[in-house]
Amino acid sequence: MAGTLYIVATPIGNLDDMPPRVAATFGAADFVAAEDTRVTLKLLNHLGLKKPMVSYYEHALHHGAAILERIEAGESCALCSDAGMPCISDPGEQIVTEALARGIHVVPVPGASACVTALAVSGQKTARFVFEGFLPVPKKERRERLDALKAETRTILLYEAPHKLRTTLDDLIKTCGPDRSVTLCRELTKLHEEINKTTLGEAAALYAETEPRGEYVLVLAGAEAPAEAADTPTLEDAVAAARTLMEGGMPPSAAAKQAAAGTPYSKGEIYRQLVRGE
């Protein structure tokens, strides 16, 4: 009988956030598939566990099948990223897709997620949001992605590394303008946790003077929804408005001119209808 692939969330910083079920799943698994085995080793040491480990980053990179073959042979695997929920903007996504295609039982063991944690404390709108993860690095793809996000009205969640933060802020300013609201969350749940709601322009000015440190989640306000266009009046509506003005004592020519304002009809069109109706 095949084993089970457990998708295991780990704390995003503070190890006290470790759910009991996460620790139990690591304890019961036959082996651990980790994004970075060095990082996960520290976590297992904290739990007092020793488990065989493999790198699923290498699996995804080389399209290997070793992890899934072990599960099909009867072993259970706990897959985890360096922090948070794995397979979100993460190569574990490929393994889950392949596992489901093979009929392997996949079980989520949920916990903290940096993007949702940041959204909850951002002060931005939370009812509707879109997760973009890391922006593409190639210039053409990056430009296309930013252009697509320019008119996005939902709150936008982005991940960024400290050494790329300044460039990303500059790119967002070019796309969305310096006054767009943004909340920068760094080192969530850790000792130096910081949540800063500001604007793109102010954030760029801050980090021009301050060295970015730690991993960032950017929670960017969506674009303002375009105002709904008012219903275009018909020619009959404009003529009726002109007649009302005439009843108040205004000459036909002046009434036609005033009624034409803000409509797609000319003074002459309205005036001709007034004359025909007399």
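**Exercise 1. Two serines in one loop**

Task: Decide whether serine 89 is buried, partly exposed or exposed, then work out where serine 89 sits and do likewise for serine 81.

Solution. Begin with accessibility: serine 89 has a relative accessibility of 41%, so this residue counts as partly exposed. A word on the source before going on: the structure is a predicted model. Next, find the place in the chain. Serine 89 belongs to the loop between strand 4 and helix 5. Now look at the backbone: the phi of serine 89 is positive, about 55°, although the residue is not a glycine. As background, most residues other than glycine have a negative phi.

Turn to serine 81, which is found in the loop between strand 4 (77–80) and helix 5 (92–101). Serine 81 has a relative accessible area of 5%. Buried means under 20%, so serine 81 is buried. The side chain of serine 81 reaches the backbone oxygen of alanine 83 at 3.0 Å. To finish, list the contacts, leaving aside neighbours within four places in sequence: serine 81 touches Thr10, Glu35, Tyr56, Pro86 and Asp90.

**Exercise 2. Threonines around strand 9**

Task: Locate threonine 189 and threonine 199, and say what is notable about the phi of threonine 189.

Solution. Start with threonine 189, which lies in the loop between strand 8 (181–186) and strand 9 (194–199). Its phi is near 70°, a positive value in a residue other than glycine.

Then move to threonine 199, placed in strand 9. A polar atom of the threonine 199 side chain lies 3.5 Å from the backbone oxygen of proline 178. Proline 178 also appears among the contacts of threonine 199, which, leaving aside neighbours within four places in sequence, are Pro178, Asp179, Arg180, Ser181 and Val182.

**Exercise 3. Sequence distance against spatial distance**

Task: For alanine 114 with isoleucine 12, and for arginine 142 with alanine 29, give the separation in sequence and the C-alpha to C-alpha distance.

Solution. Take alanine 114 first; this residue is in helix 6 (residues 114–120). Alanine 114 and isoleucine 12 are 102 residues apart in sequence, while their C-alpha atoms are 6.5 Å apart. The contact list fits in here: leaving aside neighbours within four places in sequence, alanine 114 is in contact with Ile12, Tyr159, Leu188 and Val217.

For the second pair, arginine 142 and alanine 29 are 113 residues apart in sequence and 40 Å apart in space, C-alpha to C-alpha. Arginine 142 is in helix 7 (residues 139–149). At 11% relative accessibility, arginine 142 counts as buried. Leaving aside neighbours within four places in sequence, arginine 142 contacts Leu135, Pro136, Val137, Glu160, Thr167, Thr168 and Asp171.

**Exercise 4. Three helix pairs**

Task: Classify how helix 7 packs with helix 8, helix 8 with helix 9 and helix 10 with helix 11, and describe each contact.

Solution.

Step 1, helix 7 with helix 8. The two pack at an angle of about 50°, with their axes 10 Å apart. Helix 7 and helix 8 are therefore oblique to each other, and the crossing is right-handed. Helix 7 supplies Arg142, Arg143 and Leu146 to the contact, and helix 8 supplies Thr167, Thr168, Asp171, Leu172 and Thr175. By class, these are 2 nonpolar, 3 polar and 3 charged residues.

Step 2, helix 8 with helix 9. The axes of helix 8 (residues 165–176) and helix 9 (residues 200–209) come within 9 Å and cross at roughly 155°. Angles over 145 degrees count as roughly antiparallel, so helix 8 and helix 9 are roughly antiparallel to each other. Helix 8 passes helix 9 in a left-handed crossing. On the helix 8 side, the contact residues are Leu165, Arg166, Leu169, Asp170, Leu172, Ile173 and Cys176; on the helix 9 side, they are Leu200, Gly201, Ala203, Ala204, Tyr207 and Ala208. Sorted by class, this gives 10 nonpolar, 1 polar and 2 charged.

Step 3, helix 10 with helix 11. The axes of helix 10 (residues 235–247) and helix 11 (residues 252–260) come within 8 Å and cross at roughly 135°. The pair is therefore oblique, with a right-handed crossing. Ala238, Ala241, Ala242, Leu245 and Met246 of helix 10 meet Pro252, Ala255, Ala256, Gln258 and Ala259 of helix 11. This contact has 9 nonpolar residues, 1 polar residue and no charged ones.

Terms used:
Residues numbered from 1 in each chain as written. Predicted model: local features only at pLDDT ≥ 70, side-chain atom pairs only at ≥ 80, totals over all residues. Heavy atoms only, no water. Axes fitted to C-alpha atoms, helices over the stretch in contact; angles between N-to-C directions. Helix = DSSP H or I, 4+ residues; strand = E, 2+ residues; numbered from the N terminus. Parallel < 35°, antiparallel > 145°, perpendicular 65-115°, else oblique. Left-handed = near helix turned anticlockwise from the far one by under 90°. Contact = heavy atoms within 4.5 Å. Nonpolar A, V, L, I, M, F, W, Y, C, P; charged D, E, K, R; others polar. Buried < 20%, exposed > 50% of the residue type's maximum accessible area, 1.4 Å probe, protein only. Polar contact = N/O pair within 3.5 Å; in protein donor to acceptor, adjacent residues only side chain to side chain.
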